[in-house]
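Ready for some practice at reading a protein model? Grab a pencil, open the viewer and try each exercise before you peek at the solution.

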Amino acid sequence: MKRLLAFLGLMAACLAQDPLFLIKDFNLPQIIDDDFTPQRIAALGDDRFVLLDQNSNELVLISAGEILRRTGGFGQGGESFTEPVDLTVHNLQIWVCDRYENALKRFDYKLNFLGVDHIFSNEYDSFLPDLITADPFGKVLVFSQQYGQLLSLDNSNQSLIDLNQYGMDGGCTIDLKTDNAGNIALLSCENEITLFNRFGRKSKMSLVHIKDPIQILTWSNNWVVINSMGEIESTNGKVNVLPLREDETVLDGDVYFEHIIILTDQRILVIKK
């Protein structure tokens, strides 16, 4: 029944599309070497990006289609990583979530290493963070799929959200983001969005109609969900298709003001409505 409802919803949403415009794109093979294969992106501008390669444990800073700096690598000290899994931009810094080290490593916009913040939890010796985001009120939030809990870095002794209280599987949580009001959205592998207010109180659940979503973002005052095939669905019921090549796959995305920045296995796309 859930799949039938999702299919019917998707058909209805496809009839109410708004056009998306490709402002610019950057071909990755012309910028980076074959040994760097990024899976994550953070936007510092509409032509300035930080890419994370979880295989080589490296960060690359790109501006106007050129590499400005490459840093990171395997290790446990300073700017090195053991298991980098996610990154975000907050307070004029780039925060990288290192799962195995149970820490967040901070860099400036030139990828100079600034410091490390370890995550402490009364309940777990190692919290094992998988996802990171930040709200507009200055809080950095980290989520552990293994334990199904969301912590705020300024008060990590008590979970802000505990999915176990709702009978939800933390391992099924694919992504999370906050909006301009501090509301928190969790995207699950069961094609559901669960919303919480900034204080961690559950407020709403809704169904995602596109198949196999990989990421949730807040864009143009709406929550939008993207899948690897380039379909993008907003919570106002509209579905669009990103201007992808036939053999192109979406890996990650970010938002920079009115632009949505898409990382694929071939390009970086800058999109505007």
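**Exercise 1. Decide whether Asn-221 is buried or exposed, then look at its backbone.**

Keep in mind that you're working with a predicted model.

Step 1. Start with the relative accessible area of Asn-221, which is 72%. Exposed means over 50%, so Asn-221 counts as exposed.

Step 2. Now find its place: Asn-221 sits in the loop between strand 18 and strand 19.

Step 3. Check the backbone angle. Phi of Asn-221 is positive, about 65 degrees, although the residue is not a glycine. Most residues other than glycine have a negative phi.

**Exercise 2. Do the job again for Asp-212: where does it lie, and what is its phi?**

Step 1. Asp-212 belongs to the loop between strand 17 (202-207) and strand 18.

Step 2. Its phi is near 50 degrees, again a positive value in a residue other than glycine.

Step 3. With a relative accessible area of 47%, Asp-212 is partly exposed.

**Exercise 3. Work out which residues Tyr-100 touches, leaving out those up to four places away in sequence.**

Step 1. Go to the loop between strand 7 (93-98) and strand 8, where you'll find Tyr-100.

Step 2. Its relative accessible area is 53%, so Tyr-100 is exposed.

Step 3. List the contacts: Tyr-100 touches Gln-76, Thr-82 and Glu-83.

Step 4. For a sense of distance, try Gln-39, which is 61 residues from Tyr-100 along the chain. The C-alpha atoms of Tyr-100 and Gln-39 are separated by 18 Å.

**Exercise 4. Is Thr-88 buried or exposed, and what is it in contact with?**

Step 1. Thr-88 is part of strand 6.

Step 2. Its relative accessible area is 14%, and buried means under 20%, so Thr-88 is buried.

Step 3. Set aside the neighbours within four places in sequence, and Thr-88 is in contact with Gln-93, Ile-94, Trp-95, Ile-132 and Thr-133.

**Exercise 5. Describe how the rings of Phe-81 and Phe-107 pair up.**

Step 1. A pair of aromatic rings is described by the distance of the centres and the angle of the planes.

Step 2. The model has five aromatic pairs. In one of them, Phe-81 and Phe-107 are 5.9 Å apart centre to centre, with 45 degrees between the planes, and the pair is tilted.

Step 3. Trace the chain. Phe-81 is in the loop between strand 5 (66-72) and strand 6 (84-90), whereas Phe-107 is in strand 8 (residues 103-107). The two are 26 residues apart, so the pair links distant parts of the chain.

Step 4. Check the accessibility: Phe-81 is at 0% and counts as buried, and Phe-107 is at 0% and counts as buried too.

Step 5. Look for a third ring. Ring pairs link Phe-81, Phe-107 and Phe-113 into a cluster.

**Exercise 6. Find the residues with the most contacts inside the largest nonpolar core.**

Step 1. This core has 15 residues, and those with the most contacts inside it are Ile-41, Phe-49, Leu-51, Ile-261 and Ile-268.

Step 2. See which strands contribute. At least two residues of this core come from each of strand 2 (40-43), strand 3 (48-53), strand 4 (58-63), strand 23 (259-264) and strand 24 (267-272).

Step 3. Zoom in on Phe-49. Not counting residues up to four places away in sequence, its contacts include Phe-26, Ile-41, Val-60, Ile-261 and Val-270.

Step 4. Another core lies apart from this one; it has 13 residues, among them Trp-95, Leu-128, Ile-132 and Tyr-147.

**Exercise 7. Look for empty space: what lines the largest pocket, and what lines the largest cavity?**

Step 1. Rolling a probe the size of a water molecule over the atoms shows where empty space is left.

Step 2. The largest pocket holds about 1000 Å³ of space. Its lining has 38 residues, with Val-89, Ala-134, Thr-218, Asp-254 and Val-255 nearest the centre.

Step 3. Sort that lining by class: 17 residues are nonpolar, 13 polar and eight charged.

Step 4. Turn to the largest cavity, with a volume of about 100 Å³. Eleven residues line it, and Ile-232, Ser-234, Lys-238, Asn-240 and Lys-273 are the closest to its centre.

Step 5. Strand 20 (residues 231-234) gives the most to the cavity lining, with three residues. By class, the cavity lining divides into four nonpolar, three polar and four charged residues.

Conventions
Residues numbered from 1 in each chain as written. Predicted model: local features only at pLDDT ≥ 70, side-chain atom pairs only at ≥ 80, totals over all residues. Heavy atoms only, no water. 1 Å grid on protein atoms, 1.4 Å probe; cavity = no way out; pocket = protein on both sides within 12 Å on 5 of 7 lines; lining within 4 Å. Points joined across faces, edges and corners; volume = space filled by probe spheres on them. Helix = DSSP H or I, 4+ residues; strand = E, 2+ residues; numbered from the N terminus. Nonpolar A, V, L, I, M, F, W, Y, C, P; charged D, E, K, R; others polar. Core = buried A, V, L, I, M, F, W, Y, C linked by side-chain atoms within 4.5 Å. Buried < 20%, exposed > 50% of the residue type's maximum accessible area, 1.4 Å probe, protein only. Contact = heavy atoms within 4.5 Å. Phe/Tyr/Trp six-rings, centres within 6.5 Å; stacked < 30°, edge-to-face > 60°.
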